[in-house]
Amino acid sequence: MTRSPDPDRSRIVLIGTESHPEDGELHDLPAVRANLADLEEVLAGTTTGVVPPGNCAVIFDPATSSAVGETLATIAQQATDLLLVYYSGHGLVDERGRLHLSLAHTEVSQPRWTALPFETLREELLESPAAVRVLILDCCFSGRAFEAMADGQSTVAGQIDIDGTYTLTSTSANTTSYAPLGAKHTAFTGALLAALGSPNPLTLDGLFDRIRRDLAVRGLPRPQRRVVNAPGDLLLTRARDTMEDAQRTPATAVASTARPEAPPALATGLSSVPRLHGLALAAVLAFQFLVGLLAPVLNVALPAVTADPHSAAASLDWVGTLYLVSFAALLQPAGHIGDLWGRRHAFVAGALLFAAASLFAALTFSGMPLMVARVLQGVGAAFGTANGLALVAGRFRPALAIAVAGVIAIVAPVFGVLLGSGVTSAVSWTGVLTIYAFLAALLALVGWHYIDREEPKGHALTLAARTGWSTVGAAAIWAGGLAFVLAQARMEGWSDTTVVNALLASALALILSRVLAGRPERPATPFALLADRRQTGALLGILCVSAGLGAMGEFLFVALRAVEGFPSACAAVHLLPMTAAALAAGLFGPVALRRLGSGPSALLGTLLVALALYWLASLGSDGGYTDGMLWPLLLGGAGGGLAMAVLAMTALADISFHDLGTGAALLGTSQWVGGALAPAVLTPVLQAAVKRPGIDPDWYTYPTAYHSSAMPPVLEEWFAEGFSRVYLIGVSFPLLAVLVVGITFSRAAGKRPGKFR
């Protein structure tokens, strides 16, 4: 049951530091003055305030900690019902992980002596006789504090935990990155003021939910909440005095009752925060789809332009390998560059490079020039994919758009095969790649025009620009090496010397990147993000579900072509029900996330994929299409779409705005690793089932290249046995996802994830 604090027994202290010496390392925060003034008006004003003006103290630009301590100590002892303490300014974390709040004369090199130690503030809150303590921190570096708080053993977490305290805090720096130039308030406090100005008074929990939703839809870091034996149903504002309304004229009273007037400050709020335009959102998602189409289009194209099937398949393997290696290796640097340089610039540059590479491939569709074009396409696709997804998650962040982005990886390959088959006879491949170049350039133009030009810049990004590159570079080498290993293992098997050496080199690069991440002067955002168990679980879940879907879709396509003798287009049409089910379930993902939660929704989807694979394995060679594989296709597509959508939303839900490029790159990495892992592991299984003495090796090495030839009946039986083994082993991928999600999404695993609204 909600209640309001006793005005006479409650006290409020508002602290803010706006100015710093010109020759110092801390920059001024002009929005702090408005933060304090407007909070005082809302919390202690005659209209909506919960305390009289005399019970609210404002401490502006204190020079020393004693200037804060004397006032805070006195007021804290006077409060017996509610004590609310608010701070806005720079926050500093010293070398021992202790939090300090900046003052007017704070020096970054000496936070212990020139700033207000948070421990001092904590002690005053702890010693206050107040029944409820509300602490609100709007600090520049509070993101670092809460990253540390994610670890239950961190020193900062221990500092924040105060019995009977309800803590709200922003997650990152409130410089121009979060309060654009000319904005009246910092981003977090602007959202707080907007929530406090709601026509109906909100409880503490209601305030947190409103602030979190408002910041999320604007692509800003989400606040965090920490509650230690404090009621969340306390009201921080009150409705307008009914006695005042009764004394007004009827017309005035009706208007006031319908919608109470908020202070002028509330109207400014976050209006200047940029959002992603609808056309820009469409362009970004269209580019993701275009990239997903390219690989299957080329898979169909190369055999059509090369007479020798063996040569075509071998060339296709190498062309695909070069593209995958360049794409995988550049994903992480692309996301990092986007975080620093600006995601709009990085997305547009990636789309333009992709367009130029496609045009180059159209002019020379053979030999070494084609391989060079594929490498450049991979680089452009990496920049466009990582930064495009970061733009969707950061500037717009609607649940539906994130869900669609997660499902594109399932839908695009099938449509790519259909497109490739259709244009083989209707349009020359030069014309197809020219169309690709035109579309990519058009999407780049739309993105350049409609994506807001104000990209986040600030002190935190300037620092990151000078560090972290060693870790990102080592991670790029690891990813590129792993891509080569998976592609080569599919062609030559896991016992190949080149595969083994590349795998060792990739492992060494991964170890090196982890060692570099441990150096304090080199912040490694990939490993910092992976420190969150739930996010790591979501990424691993995406990897495993992608592998399970790859085991289903890719090998069904091979079976329909090699065993049934279907052309590529016909085989792809038979897979359309799976993509339709995946898309429908992906669109339902946000609803499932709200009603069931992330864990149950993801578990349901992954279990459906596992059941579908087991169903396919049990069919053998007896089942047809409509009475056999159609139903597991629908089941697996629905489960995969639901799981991919929910896991993608969970993986990006609570990432800081500044790290979204890196987070999107990790999401893309999970998708491609899963997609490449299934054929790398399962192709040798299929080949081992068919490889018999006296059988032409090309039958089991390049089965889809010989789909037009008559296959001996005994070979059909061996293929059916091999596909059953593939599906049965493929069940292990979604089952592993079930295990990972079950462990990392449990309540004991960590904090509750953010929900998309």
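This passage describes the overall make-up of a predicted model, two pairs of packed helices, a buried phenylalanine and a set of aromatic rings.

The protein chain contains 29 helices and nine strands. Of its 757 residues, 57% count as buried. Sequence-distant contacts can be followed as well: among contacts between residues at least 6 apart in sequence, 82% join residues at least 24 apart.

Two helix pairs illustrate how the helices pack. In one of them, helix H2, spanning residues 65-78, packs against helix H4, spanning residues 118-127, with the axes 9 Å apart and at an angle of about 20°. H2 and H4 are therefore roughly parallel to each other, since angles under 35 degrees count as roughly parallel. The crossing of H2 past H4 is right-handed. On the H2 side, the contact is made by Leu72, Ala73, Ala76 and Gln77, while H4 contributes Leu121, Glu124 and Glu127. Sorted by class, the contact of H2 with H4 comprises four nonpolar residues, one polar residue and two charged residues.

The other pair consists of helix H25 (residues 625-653) and helix H26 (residues 660-690), whose axes lie 10 Å apart at an angle of about 150°. This makes H25 and H26 roughly antiparallel to each other, because the term applies to angles over 145 degrees. Here, too, the handedness can be stated: H25 passes H26 in a right-handed crossing. Met644, Ala648 and Leu652 of H25 meet Leu660, Gly663, Ala664, Leu667 and Gln671 of H26. The contact of H25 with H26 has six nonpolar and two polar residues, and no charged ones.

Turning to single residues, Phe188 is found in helix H7, which covers residues 187-196. With a relative accessibility of 2%, Phe188 counts as buried, the cut-off being under 20%. The C-alpha atom of Phe188 is separated by 7.6 Å from that of Ile211, a residue 23 positions away along the chain.

Aromatic rings offer another view of the interior. A pair of aromatic rings is described by the distance of the centres and the angle of the planes. The structure holds five aromatic pairs. One of them joins Tyr323 and Phe327, with ring centres 6.2 Å apart and planes at 10°, so the pair is stacked. Tyr323 and Phe327 are four residues apart in helix H13 (residues 309-341), and are therefore separated by about one helical turn. Tyr323 and Phe327 are both buried.

Phe354 and Tyr436 form a tilted aromatic pair, with 6.4 Å from centre to centre and 50° between the planes. Phe354 belongs to helix H14 (residues 343-363) and Tyr436 to helix H17 (residues 429-450), so this pair ties together parts that are 82 residues apart in sequence. Like the stacked pair, which is buried, Phe354 and Tyr436 are both buried. Phe354 and Tyr436 also take part in one aromatic cluster, together with Phe287 and Phe347.

Methods
Residues numbered from 1 in each chain as written. Predicted model: local features only at pLDDT ≥ 70, side-chain atom pairs only at ≥ 80, totals over all residues. Heavy atoms only, no water. Axes fitted to C-alpha atoms, helices over the stretch in contact; angles between N-to-C directions. Parallel < 35°, antiparallel > 145°, perpendicular 65-115°, else oblique. Left-handed = near helix turned anticlockwise from the far one by under 90°. Contact = heavy atoms within 4.5 Å. Nonpolar A, V, L, I, M, F, W, Y, C, P; charged D, E, K, R; others polar. Buried < 20%, exposed > 50% of the residue type's maximum accessible area, 1.4 Å probe, protein only. Phe/Tyr/Trp six-rings, centres within 6.5 Å; stacked < 30°, edge-to-face > 60°.
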